[in-house]
Amino acid sequence: NSTTKKKTPSKQEIPPSVEESVLGRDQRFKDIETGGFGLGTIKYVGGKALEETKTPVILPDDTSTSNKSEGGGIAGALTTISGKAAGGDDEKSLERKSILAFRSLSKDTTEKLLQNCRANGVSITNALSAALTLASTDFVSANGSSSNNRNYKILQSLDMRRFGASLDKGESVGCLAGSMDLMHGPLRDGSGTALLKPSDEKSRLIEDFWKLAREGKTQTADFIDSDGPIHAVRVFDFAMTISDLNNLVHLTAQSKDSQGRAYSAGFTNAGVYEQLDAFAYEQEASSREKTSTQHGKYKIDDIYYAASNARSGSLYRFSCITVNGEMKFTFHPASPIISAQTNEEF
């Protein structure tokens, strides 16, 4: 319609880096060196080291490695820091690739999940972390034949715009992704399947699920309340400045023992699409609308997204977003560590 005034998106500036957004301007290691390190940062580093002493699952039992004990944990970390890939170089590491499976929760099921989460005092993200952890227990033992108790390290994504100096206001396209670790366990193999089967212990198992979700909520709150996001970014900035961190990531990816896996599982929940802030228009620079699924005659029905962790990342992985009231999941682990069939079952 020629009489309709077209809206022009406002011009965007280069966004601040995640280090600058969280730590503030002129607060990086190159600016203040060790001046930013305090007791909180030291405790954060110590906590990360303590996680590795629990030897969380990073590979399923049926993965052939020369010495799995060296791939993860402190031994694997020390081997990598020394400049070597734990267990030697895996010549086939470049052949790893992401495999995909897509799933949706109906609007009715998504709403029921939300109501159950509220009734149990947790968020959907907390419930997802619990479900991911329990599902992982079903897929670590060789042919489901063992009943070991194991620890799980879950990578939970965070929007780093929310923390520290918060210089990035989301007004331009930029990646401010971060994460934190959730530690769960020990959990018995097959805990996810046990929850689904008819049983006299059904009520207890369901309560155990919500207990696990509440543990995730508590760990997340403790991490944020202790300025964990700030300490994490400060340590990352320090490592990028004084060491060749990219090479350490490369060595982990090349490792025969870890096969690039550092986490039992990981996930990203981008929230509700229609509740995200859209970019402003030049004609309405002082206000920002929410994103919409309707654009003229065009409508967004589904959104599926994923970031590859084929080279390095988590053993099991999914990313999700809620759009039109339905949760949309992309499951994207690395093959051949995880087969396409296993991913579909997961």
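## The second largest pocket

In this predicted model, 25 residues line the second largest pocket, and those lying nearest its centre are Ala 127, Ala 131, Leu 132, Leu 196 and Phe 209. The volume of this pocket comes to about 760 Å³.

Which elements build the lining of the second largest pocket? At least two residues each come from the strands β2 (101-105) and β9 (326-331), and from the helices α6 (107-119), α7 (124-137), α8 (191-196), α9 (202-225) and α12 (340-345). Helix α7 gives the most, with six residues. Sorted by class, the lining of the second largest pocket holds 17 nonpolar, four polar and four charged residues.

## The cavity

Now for the enclosed space. Searching the whole structure for cavities of 30 Å³ or more turns up one, and the volume of the largest cavity is about 30 Å³.

If you would like to find it on screen, the lining of the largest cavity consists of Leu 23, Gln 27, Arg 28, Phe 29, Ile 32, Glu 33, Gly 36, Phe 37, Arg 234 and Asp 237. Helices α2 (29-32) and α10 each supply at least two of the lining residues. By class, four residues of this lining are nonpolar, two are polar and four are charged.

## Where α3 meets α10

Helix α10 also takes part in a helix-helix contact. Helix α3 (residues 39-53) packs with helix α10 (residues 228-242) at an angle of about 80 degrees, and the two axes are 9 Å apart. Because angles of 65 to 115 degrees count as roughly perpendicular, α3 is roughly perpendicular to α10.

On the α3 side, the contact is made by Gly 40, Thr 41, Tyr 44 and Val 45, while α10 brings Gly 228, His 231, Ala 232, Arg 234 and Val 235. By class, the contact of α3 with α10 has four nonpolar, four polar and one charged residues. Arg 234 is worth a second look: this residue is part of the α3 contact and also lines the largest cavity.

## A salt bridge within α3

Across the whole structure, a search finds 22 salt bridges. One example links Glu 51 with Lys 48, where the closest N and O atoms are 3.7 Å apart.

Why are Glu 51 and Lys 48 separated by about one helical turn? The reason is their spacing, because the two residues are three residues apart in helix α3. Helix α3 thus offers two things to look at: the salt bridge between Glu 51 and Lys 48, and the contact with α10 made by residues including Tyr 44 and Val 45.

Key. Residues are numbered from 1 along each chain as its sequence is written. This is a predicted model: local features need pLDDT of at least 70, side-chain atom pairs count only at pLDDT 80 or more; totals for chains, interfaces and linings use all residues. Side-chain values use heavy atoms; hydrogens and water are left out. Axes are lines fitted to C-alpha atoms, for helices over the stretch in contact, and angles run from 0 to 180 degrees between N-to-C directions. Helices (H or I, at least four residues) and strands (E, at least two) are DSSP runs, numbered from the N terminus. Angles under 35 degrees count as roughly parallel, over 145 as roughly antiparallel, 65 to 115 as roughly perpendicular and the rest as oblique. Contact means heavy atoms within 4.5 Å. Ala, Val, Leu, Ile, Met, Phe, Trp, Tyr, Cys and Pro count as nonpolar, Asp, Glu, Lys and Arg as charged, and the others, Gly among them, as polar. On a 1 Å grid over the protein atoms alone, a cavity is a set of points where a 1.4 Å probe fits but cannot get out, and a pocket is an open set with protein on both sides within 12 Å along at least five of seven lines; lining residues have an atom within 4 Å of a point. Grid points are joined across faces, edges and corners, and a volume is the space filled by probe spheres set on the points. A salt bridge is a side-chain nitrogen of Lys or Arg within 4 Å of a carboxyl oxygen of Asp or Glu.
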